[in-house]
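Biologist: I am new to this structure and would like a close look at one part of it, the place where the two protein chains meet. Please take me through it slowly, and then show me how it sits beside the rest.

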2 protein chains.
Amino acid sequence: MTNIKKVSELAGVSTATVSRTLKSPDQVSQATREKVLEAVKAAGYRPNWLASSVKSGRSNTIVVLVPNLVNPFFMRIIGGIEQAAQEKGFSVLLGDTQGSPEREHEYASMVLTNRADGLIQLDHSFPFSAADADLAEDLPMVSVCERIASEKKYPVIELDNYAASRALAHHLLGYGHKHFAAIVGQISSQIYRERLAGIRSVLQEEQIPFEQAQITGGAYTIEAGIAGVEHLLSLPQRPTAIFCFNDDIAIGAVHAIKKAGLRVPEDISVVGFDNIKVSAFIDPPLTTVDQPAYDMGRRAVEVLVSQIRGEPLVRSKEVLPFQLIERESSGPAPL
Amino acid sequence: MTNIKKVSELAGVSTATVSRTLKSPDQVSQATREKVLEAVKAAGYRPNWLASSVKSGRSNTIVVLVPNLVNPFFMRIIGGIEQAAQEKGFSVLLGDTQGSPEREHEYASMVLTNRADGLIQLDHSFPFSAADADLAEDLPMVSVCERIASEKKYPVIELDNYAASRALAHHLLGYGHKHFAAIVGQISSQIYRERLAGIRSVLQEEQIPFEQAQITGGAYTIEAGIAGVEHLLSLPQRPTAIFCFNDDIAIGAVHAIKKAGLRVPEDISVVGFDNIKVSAFIDPPLTTVDQPAYDMGRRAVEVLVSQIRGEPLVRSKEVLPFQLIERESSGPAPL
DNA sequence: TTCGCGCATGTAAACGGTAACATTGACACA
DNA sequence: TGTGTCAATGTTACCGTTTACATGCGCGAA
């Protein structure tokens, strides 16, 4: 391993001069600078990142906790995280948790051991173990989409899920639908509550009933969408419009509806959430709510980095704009 | 920051004893061990990972270069990488390159600066900059799917693309197709050459022509699939079967074919590659080649870690099995 | 009783940088 | 000529661990 000492000997200067040449070249005379740079090149020297980090006490790394890597919506967020992190000189450690608390604990503890300076949580759980909880008190942590379940309020970058659900509901009401159902994702999350509340508020205003039996699901997967539709089609009153809490669920729902010999949207309208890439290209293209995933990731990094730098928190909650994307999976209610 | 010194003072022992208690407890008497562990708990001490890494010279980190985060096939590979890395005590740094050489250089250089111990490349380029190339000579690097373009042969975990393409070709020939086309992904890659060679070899055996005009594309995207079909439909002889070099392209192709008023597979059969999740649930479900993406990721880590440990290389090339998944996007050639 | 062995622990030198402080010398100015 | 200033460089302490080596002590064997 070529280290700074070898370079300093090669150049006939002290290690400090080598360090200065690389970190603050203007403090070094041009003559020695050239000498040193030549020695650096000759030795093939690259500064040891671990060593400088240990000195500075900062790893310039953030860890991102993702419940599911294959979800393209999360990946778009992570794309934004990556981009912003790189611009700010941070690198991104990937923490694929698969929803397992043990995994979350493990990744979260990286912030306690100086392996990372902060963490971004894409799920809604408080990621630290009970043993670490008190140490985690003032650590830089930001959540995206979901709010972290803890007394302390960590900053969150989110969507106005309530308003977005209301927009979807109004969209479907406009088509004359009267029988609604929902296939939800993770239960007990903030998203679950807000979206459901949004739907309920609109339906209540119109005096349209919306019972617990019409709410099914429990995971953000295609399979959950299929199972959800199978359940809903077995109900005495078949819904004519289904809210799916993400596009994966909606894709499964559309698939199952067609498989049952029904048509989308002629028999049942389906709306999703997230606007993942493929949603525009399935048959029929999905009506959905676009979330600015990339920007949410970017923003999360900006907030996190300012926390890491110890800057005061401006807002603990940022709500980014959604956009209702009307496509062909929703249409007039059947007569 | 609570460090080992604070703990040692609290426990009334030396820092060495604290370190030993945590790293090799059997060298410490039970009495002091308990004393130390209590002090650790009282101080809320967590060893500084940066410091131990600088000492050991190993970061126990690998960096993964991905051309495109939103591609679910890559994400399945990365899922396998993550899992295996965690089991082996490594963490994963994410390098979203977007195909940009500068980004690749930047991430690759992390291995030179001890920020990572090795790298996994999912693209086919040699990721180091020209300036770093000679230093990169003996660095642990493994590629998945694609072979790295360099004189030195780095280990690669791949699929038998030639045989898989032959299988797809035979599948379509069995349906009586005579007019083929291909929408390819990245040109100039190993995959491009092998898959095309596989297709060509089968068609040649059957004396079926396959001209350059029938080969289009250039990116692994839905849009490329759409553009590809638009081009192919403008040809004097319309193909009855299209090889798409991944499922995203195939999804775009199916979309465009339907949009043109044609049916899949009655008018045109479409086959893909990768077997991403959604392929089974679009209309019609895609015939495709399943790649064991997760296992490829796992295997890549195993090979990489053994390289990092300096173990001798067993095989420089591992070929994992594919599986032809016959679904409904392929069928009998139209009369 | 003395010697030697081995366990438990302490001391201090690493690891590879960075940066505060010290030193040197050139130069300007009185 | 003496003094002060400043730029360029060297010296050295330090970041937080780990670990080779040193020390001390108890105990069994001779």
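Biologist: Which residue of β2(B) does A:V92 stand opposite?

Modeller: Before anything else, please keep in mind that this is a predicted model. The residue that stands opposite A:V92 is B:L94, in β2(B). These two residues belong to a pairing of strands across the two chains, in which β2(A) and strand β2 of chain B, residues 91–96, run in the antiparallel sense and are joined over two bridges.

Around that strand pairing there is a wider interface, in which 53 residues of chain A are in contact with 53 residues of chain B. The size of an interface is often given as the accessible area lost when the parts come together. For chain A and chain B the buried area is about 4700 Å², and carbon and sulfur atoms give 60% of that area. Within the area that chain A buries against chain B, A:L50, A:R115 and A:F281 supply 15%, which is more than any other three residues supply.

The polar side of the interface can be described as well, since 30 residue pairs in polar contact are found between chain A and chain B, counting pairs in which both residues are at pLDDT 80 or more. On the side of chain A that touches chain B, the elements that give two or more residues are α4, α5 (72–87), β2 (91–96), α6 (101–112), α9 (222–233) and α10 (247–259) of chain A. Of these, α5(A) brings the largest share, with eight residues. Sorted by class, this side of chain A has 26 nonpolar, 14 polar and 13 charged residues.

Side chains of opposite charge can pair when their charged atoms come close. Across the interface of chain A and chain B there are eight salt bridges, and one of them joins A:D283 to B:K258, with the closest N and O atoms 2.6 Å apart. Over all chains, the whole structure has 28 salt bridges. Among them is a pair inside chain A, where A:E87 forms a salt bridge with A:R298 and the closest N and O atoms are 2.8 Å apart. This pair links distant parts of the chain, with A:E87 in helix α5 of chain A and A:R298 in helix α11 (residues 293–308) of chain A, 211 residues apart. Helix α5 of chain A therefore appears twice in this account, as the helix that holds A:E87 and as the element with the largest share of the side that touches chain B.

The two chains also meet DNA, and both of them take part beside each strand. DNA strand C is surrounded by 24 residues, the closest being A:I4, A:S19, A:K55, B:T17 and B:T32. Of the atoms of DNA strand C that come within 4 Å of the protein, sugar and phosphate account for 61%. Backbone atoms reach phosphate oxygens of this strand from both chains, with a backbone N or O atom of A:N48 at 3.2 Å, one of B:S14 at 2.8 Å, and a polar backbone atom of B:S29 at 3.0 Å. In the surface near DNA strand C, α4(A) has the largest share, four residues, and α4 of chain A is also listed among the elements on the side that touches chain B.

DNA strand D is surrounded by 25 residues, the closest being A:S14, A:T17, A:T32, B:I4 and B:S19. Here sugar and phosphate account for 60% of the strand's atoms that come within 4 Å of the protein. An N or O atom in the side chain of A:T17 is 2.6 Å from a phosphate oxygen of DNA strand D, while a side-chain N or O atom of A:R20 is 3.0 Å from a base nitrogen of DNA strand D. From chain B, a polar side-chain atom of B:N3 lies 3.5 Å from a phosphate oxygen of DNA strand D. The elements that give two or more residues to the surface near DNA strand D are α2 and α4 of chain A together with α2 and α4 of chain B.

Technical notes: Residues are numbered from 1 along each chain as its sequence is written. Chains are lettered from A and ligands numbered from 1 in the order in which they are written. This is a predicted model: local features need pLDDT of at least 70, side-chain atom pairs count only at pLDDT 80 or more; totals for chains, interfaces and linings use all residues. Side-chain values use heavy atoms; hydrogens and water are left out. A residue is near a molecule or strand if one of its heavy atoms lies within 4 Å of it. A polar contact is a pair of N or O atoms within 3.5 Å; within protein, one must be able to donate a hydrogen and the other to accept it, and residues adjacent in sequence count only if both atoms are side-chain atoms. Contact means heavy atoms within 4.5 Å. Buried area is the accessible area (1.4 Å probe) that two parts lose on being put together, summed over both. A salt bridge is a side-chain nitrogen of Lys or Arg within 4 Å of a carboxyl oxygen of Asp or Glu. Ala, Val, Leu, Ile, Met, Phe, Trp, Tyr, Cys and Pro count as nonpolar, Asp, Glu, Lys and Arg as charged, and the others, Gly among them, as polar. Two strands pair if DSSP finds at least two bridges between them.
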